[in-house]
Amino acid sequence: MNKDLLRAVHAIHLGYGIPVEDIFTQIESALATAAAKQFGPLVCSVFRVDRDTGAITSNGFAVKELNRLAIMTFKHRFFQFVRSPKGQ
């Protein structure tokens with residue numbers, strides 16, 4: 001999955017012209033929003049994506065722990081970012 005994530009980020013960068021760092025930042029933010037959706041807004045979760053390996057780390061949650069609704073929240077938030085003008 002990690003290599004696939006890096007390939008997807010690169011493809012979005014090339015296809016939409018969004019800076020790679022902005023894409024990684026948005027992935028991290030969307031994962032935090034998804035965790036808040038599932039575990040409640042009082043849960044403070046920070047996700048980090050390693051820019052070299054694509055590994056996702058967190059301060060308490062694994063991505064695999066996110067349920068379907070949380071993943072749909074992530075997907076919606078991330079695609080909303082990608083489709084916005086220049087990823088803003």
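**Close-up views of a predicted model**

**Figure 1. Arg48 and its surroundings in strand E1.** Arg48 is located in strand E1 of this predicted model. With a relative accessibility of 48%, Arg48 is classed as partly exposed, because that class lies between the buried limit of under 20% and the exposed limit of over 50%. Apart from residues up to four places away in sequence, Arg48 touches Glu28, Ala55, Ile56 and Thr57. The C-alpha atoms of Arg48 and Phe74 are separated by 15 Å, and these two residues are 26 residues apart along the chain.

**Figure 2. Confidence of the model along the chain.** The mean pLDDT of the protein chain is 87, and 95% of its residues reach 70 or more. Among the helices and strands, confidence is highest in H1, at a mean of 92, and lowest in E2, at 88.

**Figure 3. Helix H1 and its two faces.** Helix H1 comprises 15 residues, and the distance from its first C-alpha to its last is 21 Å, close to the 21 Å expected at 1.5 Å a residue. Leu5, Leu6, Val9 and Ile12 are buried in H1. These residues line one face of the helix, because their directions, seen down the axis of H1, fall within an arc of 125°. An α-helix has 3.6 residues a turn, so residues three or four places apart point the same way. The face of H1 turned away from the buried side carries the exposed residues Lys3, Arg7, Leu14 and Gly15. The packing partners of the buried residues of H1 are H2, E1, E2 and H3. After H1 comes Gly17, which has a positive phi, near 75°.

**Figure 4. Helix H2 and its buried residues.** Helix H2 covers residues 20-39, 20 residues in total; a span of 28 Å is expected at 1.5 Å a residue, and the 29 Å between its end C-alpha atoms agrees with this. Its buried residues are Ile23, Phe24, Gln26, Ile27, Glu28, Ala30, Leu31, Ala34 and Ala35. They pack against helix H1 (2-16), strand E1 (47-49), strand E2 (56-58) and helix H3 (68-83). Gly40 follows H2 and has a positive phi, near 105°.

**Figure 5. Gln26 and Glu28, two buried residues of H2.** Both Gln26 and Glu28 are placed in helix H2. The relative accessibility of Gln26 is 13%, so Gln26 counts as buried. That of Glu28 is 8%, so Glu28 likewise counts as buried. Not counting residues up to four places away in sequence, Gln26 touches Arg77, Phe78 and Phe81. With its neighbours within four places in sequence left aside, Glu28 is in contact with Phe47, Arg48, Val49 and Arg51.

**Figure 6. Helix H3, its cap and its two sides.** A side-chain oxygen of Asn67 lies 3.2 Å from the backbone nitrogen of Leu69, and Asn67 thereby caps the N-terminal end of H3. Helix H3 has 16 residues and reaches 22 Å from its first C-alpha to its last, close to the 22 Å expected at 1.5 Å a residue. Ala70, Thr73, Phe74, Phe78, Phe81 and Val82 are the buried residues shown in H3. Because they cover an arc of only 160° around the axis, they lie on the same side of H3. The other side of H3 carries the exposed residues Arg68, His76, Gln80 and Arg83. The buried residues of H3 pack against H1 and H2.

**Figure 7. The largest nonpolar core.** This core has 21 residues, and those with the most contacts inside it are Ile23, Ile27, Phe74 and Phe78. At least two residues of the core are supplied by each of H1, H2, E1 and H3. The largest share, seven residues, comes from H2. Phe74 touches Ile27, Ala30, Leu31 and Ala34, when residues up to four places away in sequence are not counted.

**Figure 8. Gly60 in the loop between E2 and H3.** Gly60 lies in the loop between E2 and H3. Its relative accessibility of 54% is over the 50% limit, and Gly60 therefore counts as exposed. The C-alpha atoms of Gly60 and Thr73 are separated by 19 Å, and the two residues are 13 residues apart along the chain.

Terms used:
Residues numbered from 1 in each chain as written. Predicted model: local features only at pLDDT ≥ 70, side-chain atom pairs only at ≥ 80, totals over all residues. Heavy atoms only, no water. Helix = DSSP H or I, 4+ residues; strand = E, 2+ residues; numbered from the N terminus. Expected span 1.5 Å × (residues − 1). Buried < 20%, exposed > 50% of the residue type's maximum accessible area, 1.4 Å probe, protein only. Contact = heavy atoms within 4.5 Å. Core = buried A, V, L, I, M, F, W, Y, C linked by side-chain atoms within 4.5 Å. pLDDT = per-residue confidence, 0-100. Arc of directions from axis to C-beta. Polar contact = N/O pair within 3.5 Å; in protein donor to acceptor, adjacent residues only side chain to side chain.
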